[in-house]
Amino acid sequence: MLALLTLLQDGRFHSGEALGAALGVSRSAVWKQLQALQSELSLPVHKVRGRGYRLETPLQLLNADWLNSQVGAPQWAACVLQSVDSTNAEALRRMSQAQSMPFYVIAERQTNGRGRRGRSWLSPFGENLYYSLVVRVEGGMRQLEGMSLAIGLALLQVIRAFGVSEAGLKWPNDVLVADRKLAGILLEISGDPADVCHVVIGIGLNVNMLAAEQGAIGQPWTSMRAELGHLLNRNELVNELNRQLSRYLEIQLRDGFSALQDEWQASHLWQGRQVALTAGGEPIVGEVAGVDCSGAIRLRVNGAERSFSGGELSLRLRDDS
Ligand code: ATP
Ligand code: BTN
């Protein structure tokens, strides 16, 4: 099926005969594969009598050779998969098989993409970025504190560099455009966080997705294409993401999050806004004062400033809460 997809990715018409000849199979075998593209990968294929078949939307498949050959990019090995349960889960599996680090896993689709707090991440084939980088951290908690916020900054630079200039951050690490979610980050740690550990940096970025099944995403969302009105090349995005992650991780691991605190606050969309913070129980209502040097959120609550941190915390605008 991948060979067929490679031929069709340009979005142009290809006759059944030409596809069969290129793949070395019969026209009916081509037809079967086309059915599979539609049923298994939910990729709409248009058929026009006399012209042949074409994908409804052109695709640029992820390309490990191109990614691994980029000069000026960090020398991290790319593992490119067609389909996987979750790139974070796959990265954790590969890590336990002693794959040398750093490496990253990207996939055309995830069948069980995971979000924070046990939620699921919608991951249709070929449309978005599902990316997991594994790094080794030796400096204990100081290096880990605020790391997910530093990753958010790196991701934001990529998104802005490709033209989505309105994008900003929501604590702890969502990227939003006008209160619509564009990207999310999920860090998973393996080993001893106080000593030597490995961090899986999972990033989901909506790139070319324009529609999702009703109810599949439980909140307002957007994609780069929806914001810009054109398709984006995911390989180029991955390459830039590698470069920005390398830059921000270097600062984070060397100096800690305090070196990025001001930059982060300057991009925080909810700075000064009334919010409700929940960890499942009674919400804490206050005004966002910023983040502290460890990446904790600072809220003004009843005239006093308090800091909060923790993976289970969730921030909502007060009108939403
Ligand atoms: P917070 O954790 O601050 O409450 P959140 O509302 O984004 O942020 P999460 O706990 O991070 O919630 O859960 C992931 C959320 O992302 C879920 O609400 C889920 O519906 C949504 N989601 C799933 N797939 C996508 C996607 N591809 N694009 C945007 N949002 C998605
Ligand atoms: C969130 O906002 O809740 C975090 C979403 C993180 C999604 C990405 S997609 C790549 C990586 N693999 C996963 O299973 N999850 C992360």
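Helices and strands are here DSSP runs, numbered from the N terminus, and this is the numbering used in the legends below for a model that is predicted.

**View 1. The cis peptide bond before Pro-172 and the loop that holds this proline.** In this predicted model, Pro-172 belongs to the loop that runs between strand 6 (168-170) and strand 7 (174-177). The peptide bond that joins Trp-171 to Pro-172 is cis, with an omega of about 0°.

**View 2. The surroundings of ligand 1.** Ligand 1 is surrounded by 18 residues, of which Arg-116, Arg-117, Lys-181, Asn-206 and Ser-314 are the closest. Oxygen atoms of the ligand take part in several polar contacts: one lies 3.0 Å from a polar side-chain atom of Lys-170, one lies 2.8 Å from a backbone N or O atom of Gly-218, and one lies 2.9 Å from an N or O atom in the side chain of Gln-219. On its own, ligand 1 has 610 Å² of accessible area, and the protein covers 96% of this. Strand 14 (residues 314-317) contributes the most to the shell around ligand 1, namely three residues. Sorted by class, the shell around ligand 1 holds seven charged, six nonpolar and five polar residues.

**View 3. The backbone at Arg-117, one of the residues closest to ligand 1.** Arg-117 is located in the loop between strand 4 (103-110) and strand 5. Although Arg-117 is not a glycine, its phi is positive, at about 50°.

**View 4. The surroundings of ligand 2.** There are 20 residues around ligand 2, and those that come nearest are Ser-86, Gln-110, Arg-114, Arg-116 and Lys-181. For Gln-110, an N or O atom in the side chain is 2.9 Å from a nitrogen atom of the ligand. A nitrogen atom of ligand 2 also lies 3.0 Å from an N or O atom in the side chain of Thr-87, while for Asn-88 the partner is a polar backbone atom, found 3.5 Å from a nitrogen atom of the ligand. Of the 410 Å² of accessible area that ligand 2 has on its own, 97% is covered by the protein. Two or more residues of the shell come from each of helix 5 (87-96), strand 5 (129-137), strand 8 (180-191) and strand 9 (197-205), and strand 8 gives the most, with four residues. The shell around ligand 2 is made up of 10 polar, six nonpolar and four charged residues.

**View 5. The packing of helix 7 against helix 9.** Two packed helices are described by the angle between their axes and by the distance between those axes. For helix 7 (residues 147-161) and helix 9 (residues 234-255), the angle is about 145° and the axes are 8 Å apart; the crossing of helix 7 and helix 9 is right-handed. On the side of helix 7, the residues in contact are Met-147, Ala-150, Ile-151, Leu-153, Ala-154, Leu-155, Gln-157 and Val-158. These meet Leu-237, Glu-240, Leu-241, Gln-244, Leu-245, Tyr-248, Leu-249, Gln-252 and Leu-253 in helix 9. By class, the contact between helix 7 and helix 9 comprises 13 nonpolar residues, three polar residues and one charged residue.

Definitions and conventions:
Residues numbered from 1 in each chain as written. Chains lettered and ligands numbered in written order. Predicted model: local features only at pLDDT ≥ 70, side-chain atom pairs only at ≥ 80, totals over all residues. Heavy atoms only, no water. Near = heavy atom within 4 Å. Polar contact = N/O pair within 3.5 Å; in protein donor to acceptor, adjacent residues only side chain to side chain. Areas by Shrake-Rupley, 256 points an atom, 1.4 Å probe, with all protein chains shown as cover. Nonpolar A, V, L, I, M, F, W, Y, C, P; charged D, E, K, R; others polar. Axes fitted to C-alpha atoms, helices over the stretch in contact; angles between N-to-C directions. Left-handed = near helix turned anticlockwise from the far one by under 90°. Contact = heavy atoms within 4.5 Å.
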